[in-house]
Amino acid sequence: MGEVVDSSAFIQSTEHRPKPTSTLEAEGIPLIDLSALNSSNSDAIASLVAEIGDACEKWGFFQVINHGVPLECREKIDAVSRKFFGQSMEEKSRVRRDQLNPMGYYDGEHTKNVRDWKEVFDFVVEVPTVIPASPEPGDKELTMLHNQWPEFPPNFRDACEEYTRETEKLSYKLLELISLSLGLPESRFNNFFKDQTSFLRLNYYPRCPIPHLALGVGHHKDAGALTVLAQDDVGGLEVKRKTDGEWIRVKPTPDAYIVNVGDIIQVWSNDKYESVEHRVTVNSERDRFSIPFFFNPTHYTVLEPVAELVNEENPAKYKAFNWGKFVSARNLSNFKKLHVENIQIYHFRKSE
Ligand SMILES: O=C(O)CCC(=O)C(=O)O
Ligand SMILES: [Fe+2]
């Protein structure tokens, strides 16, 4: 972010400021071992599916181990990420994103209209990724997203692409387990991801002189289907516990991935699995790095509760809406500091 001279844009309102003394690190966020996926033992798989379903319902968040992503591949992307962000602002700005291309380097992101204490680098999984050119419902024009790759460090692109292939495989496995846990066929959702709009983000949260006033990412819910996140050993991710609304810190666990259900799964499951609020605190001692993979369907996906999960007693809670138009509206609001809230799934909720 360069030298921050005026930190006022980062200041959270009193109710959203982190409370460093009361941070809980609850044991409750489930840690799930995926090794059953490598066996043909149907009992082991059934109990894994039940564990996943339970975690999605109670927390909307869980961590996985024995997930199949090689550690070496994670170490490589972590190393290039640190090198990339360690460069001067002038170097990083060579791949800066703009309104035409939202992929690349950025340090001005706002969550709920307050600036986040972080720098990011985004790239899409499918090249090009196709999305609608505008959020206007009648406008059929499409736009293509391409990646911008920095020259330094030289193995940056390779490390990013290799990591993406591995986390994509893990994301499909998780999607299938979630589908089974809802009582649906394993590949019920797979086709929605054929021309996916998934993207990866490298997050860098520099040390912050005002960690009691600012956040690395303000409270929010992830809009996509699933997020699969690697965090380093610093810690800072906090999840809003469903039972009492307390902020609970997700304990850094070596070589684990943090998985959370996004808004899309909330809609597909007709609120059985909720997309849970989370935020990132920063600290004055150590820089923090994290890498979320946002697993998102193709732009022409029409989102609505799946037919198998709705009936007279449990009618659909959402009207159908187009994922691409939703993304396009979000991208637009990301570039303007609007004084209205950006588009949210509850705008499509049917009245009771
Ligand atoms: O850095 C983290 O731990 C989480 C970041 C996050 O929630 C996001 O980018 O949506
Ligand atoms: Fe998030």
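How far is an oxygen atom of ligand 1 from an N or O atom in the side chain of His-278? I looked this up at the start and found a distance of 3.1 Å. I note at the outset that the model is predicted, and that every value below is computed from it.

**Entry 1. Contacts of ligand 1**

I went on to other polar side chains at the ligand. Arg-288 places a polar side-chain atom 2.8 Å from an oxygen atom of ligand 1. For Ser-290, I recorded 2.6 Å between an N or O atom of the side chain and an oxygen atom of the ligand. I then turned to the surface of ligand 1, which exposes 300 Å² when taken alone. The protein buries 95% of that area.

**Entry 2. The shell around ligand 1**

Which elements give two or more residues to the shell? I found strand S9 (199–205), strand S15 (278–280) and strand S16 (288–295). The largest share comes from S16, with three residues. I listed the residues that surround the ligand: Asn-203, Tyr-205, His-220, Asp-222, Leu-229, Leu-237, His-278, Val-280, Arg-288, Ser-290 and Phe-294. By class, I counted five nonpolar, four polar and two charged residues in this shell.

**Entry 3. A contact to Asp-222**

Asp-222 is among the residues around ligand 1, and I looked up a partner of its side chain. The side chain of Thr-227 makes a polar contact of 2.8 Å with that of Asp-222. I located Thr-227 in strand S11 (residues 226–231). Is Thr-227 buried or exposed? I entered Thr-227 as buried, because its relative accessible area is 4%, under the 20% cut-off.

**Entry 4. Gln-231 and the loop at Pro-254**

I stayed with strand S11, where Gln-231 is also placed. Gln-231 has a relative accessible area of 7% and is therefore buried. A polar atom of its side chain lies 3.0 Å from the backbone oxygen of Val-250.

I next looked at Pro-254, in the loop between strand S13 (247–249) and strand S14 (257–261). Pro-254 counts as exposed, because its relative accessibility is 72%, over the 50% cut-off. I also checked its separation from Ala-230. The two residues are 24 residues apart along the chain, and their C-alpha atoms are separated by 9.5 Å.

**Entry 5. The annotated domain**

I consulted the UniProt record, an unreviewed entry, which lists residues 196–297 as "domain: Fe2OG dioxygenase". Over this range I found the chain to be 6% helix and 39% strand. The C-alpha atoms at the two ends of the range are 5 Å apart.

**Entry 6. Cysteines**

How many disulfides does the structure hold? I found zero. I recalled that a disulfide is a covalent bond between the sulfur atoms of two cysteines. Why does Cys-160 have no such bond? The closest cysteine sulfur, in Cys-73, is 10 Å from the sulfur of Cys-160, which is too far for a bond; the cut-off is 2.5 Å. Cys-160 counts as buried, because its relative accessibility is 0%. I entered Cys-56 as buried too, at 0% relative accessibility.

**Entry 7. Cis peptide bonds**

I looked for cis peptide bonds before prolines. One joins Val-127 and Pro-128, with omega about -10°. I placed Pro-128 in the loop between strand S6 (119–124) and strand S7 (129–132). The peptide bond from Phe-152 to Pro-153 is also cis, and its omega is near -5°. Pro-153 belongs to the loop between strand S8 (142–145) and helix H4 (156–181).

**Entry 8. Positive phi outside glycine**

I noted Asn-113, which is not a glycine yet has a positive phi of about 70°. I found Asn-113 in the loop between strand S4 (110–111) and strand S5 (114–115). With a relative accessible area of 28%, Asn-113 is partly exposed.

Where is Asp-271 found? I traced Asp-271 to the loop between helix H5 (263–268) and S15. Its phi is positive, near 80°, and this residue too is other than glycine. I recorded Asp-271 as buried, because its relative accessible area is 16%, under the 20% cut-off.

How values were computed:
Residues are numbered from 1 along each chain as its sequence is written. Chains are lettered from A and ligands numbered from 1 in the order in which they are written. Side-chain values use heavy atoms; hydrogens and water are left out. A residue is near a molecule or strand if one of its heavy atoms lies within 4 Å of it. A polar contact is a pair of N or O atoms within 3.5 Å; within protein, one must be able to donate a hydrogen and the other to accept it, and residues adjacent in sequence count only if both atoms are side-chain atoms. Accessible areas come from the Shrake-Rupley method with a 1.4 Å probe; for residues, only the protein chains shown count as cover. Helices (H or I, at least four residues) and strands (E, at least two) are DSSP runs, numbered from the N terminus. Ala, Val, Leu, Ile, Met, Phe, Trp, Tyr, Cys and Pro count as nonpolar, Asp, Glu, Lys and Arg as charged, and the others, Gly among them, as polar. Buried means under 20% relative accessible area, exposed over 50%, partly exposed in between (1.4 Å probe, protein chains only). UniProt positions are given in the numbering used here, feature names are shortened, and annotations may be inferred rather than shown by experiment.
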